[in-house]
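Biologist: I am new to this structure and would like to learn how to read its features one at a time. Could we begin with the overall layout and then turn to single residues?
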Amino acid sequence: MKRKLLLWAILLGGMTSYGQDFSKNSLFVGLGIGSSNNSRADGFGVNGSIGYQRDIWKNRLRIVPSISYGTYTNKGITDVPDIYYNSVSLKMNLNFDIIKIKAFSLFIGSGLTANYSSGLIGTGGWPPGRSSSEYFNESNFTFNGLIGFRLTPPKTRIGYELLLLDGSFENKNYFSELSVLKVRLTMKLK
């Protein structure tokens, strides 16, 4: 009986340790609040993202391609036409853990963004007397940067990130998109 229990303990212990071996790859989803400004529209709204992370150096440097989607409006801002628009961004970042204490880290990142924004200006009858609307679309190629905290317990597949700031900026066409307090949930791949 003792041998069978020992055999089961070794077998189950081996399986659980095998289940804790993860690759250097992970997927993430995120959601935050943000603002977007371009040459045609300014607004506030929500911004979501989905992406992939790959550790490329000592579990401190990661390459992070992602796609983000934001929907924005200027509701609540007076004396300007109502605006509703969406923004889609393809991002390629390098993130680096500048401070790392066990499962917790403070990280920064930088990279390039290709953005496409489109929307509608002038719906809702504001300012009073406005009876027409116009569509717009705009593309921008920008630099971006971010700073945040990461918590990735080594024996679980799930990790957490809180991006304090995640922004893209370009001066030529007056474009900026900024997310604050974006929460990302990461899942390590086997």
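Modeller: Helices and strands here are DSSP runs, with at least four residues for a helix and at least two for a strand, and they are numbered from the N terminus. Please keep in mind throughout that this is a predicted model.

Biologist: How many helices and strands does the secondary structure of the chain come to?

Modeller: The chain has one helix and eight strands, and read from the N terminus the order of its elements is α-β-β-β-β-β-β-β-β. Among contacts between residues at least 6 apart in sequence, 60% join residues at least 24 apart.

Biologist: What share of the residues in the chain is buried?

Modeller: Of the 190 residues in the chain, 37% are buried, while the accessible surface comes to about 11,200 Å², with 68% of that area belonging to carbon and sulfur atoms.

Biologist: Is Ser66 buried or exposed?

Modeller: A residue counts as buried when its relative accessible area is under 20%, and Ser66 is therefore buried, because its value is 15%. Ser66 belongs to strand β3, which covers residues 61-73, and, leaving aside residues up to four places away in sequence, Ser66 touches Phe28, Ile50, Gly51, Ser89, Leu90 and Lys91.

Biologist: And is Leu151 buried, exposed or partly exposed?

Modeller: Partly exposed lies between the 20% and 50% limits, so Leu151, with a relative accessibility of 38%, counts as partly exposed. Leu151 is found in strand β6, residues 134-151, and it is one of the residues that make a nonpolar surface patch of about 1,000 Å².

Biologist: Which elements each supply at least two residues of that nonpolar patch?

Modeller: They are β3, β4 (82-101), β7 (158-170) and β8 (175-188). The patch includes Ile67, Tyr69, Val88, Leu90, Ile158, Tyr160, Leu185 and Met187, and Leu90 is also among the residues that Ser66 touches.

Biologist: How would one look for empty space inside a model?

Modeller: Rolling a probe the size of a water molecule over the atoms shows where empty space is left. In this case, a search of the whole structure finds one cavity of 30 Å³ or more, and about 70 Å³ of space lies in the largest cavity.

Biologist: Which residues line the largest cavity?

Modeller: Ser66 is one of them, and the lining also includes Phe28, Ser49, Val64, Ser68, Lys91, Asn93, Leu146, Lys182 and Arg184. The elements that give two or more residues to this lining are β3, β4 and β8. Phe28 and Lys91, which belong to the lining, are also contacts of Ser66.

Terms used. Residues numbered from 1 in each chain as written. Predicted model: local features only at pLDDT ≥ 70, side-chain atom pairs only at ≥ 80, totals over all residues. Heavy atoms only, no water. Buried < 20%, exposed > 50% of the residue type's maximum accessible area, 1.4 Å probe, protein only. Contact = heavy atoms within 4.5 Å. Patch = residues over 30% accessible without salt bridge, like charges linked within 9 Å, V, L, I, M, F, W, Y side chains within 5 Å. Areas by Shrake-Rupley, 256 points an atom, 1.4 Å probe, with all protein chains shown as cover. Salt bridge = Lys/Arg side-chain N within 4 Å of Asp/Glu carboxyl O. 1 Å grid on protein atoms, 1.4 Å probe; cavity = no way out; pocket = protein on both sides within 12 Å on 5 of 7 lines; lining within 4 Å. Points joined across faces, edges and corners; volume = space filled by probe spheres on them.
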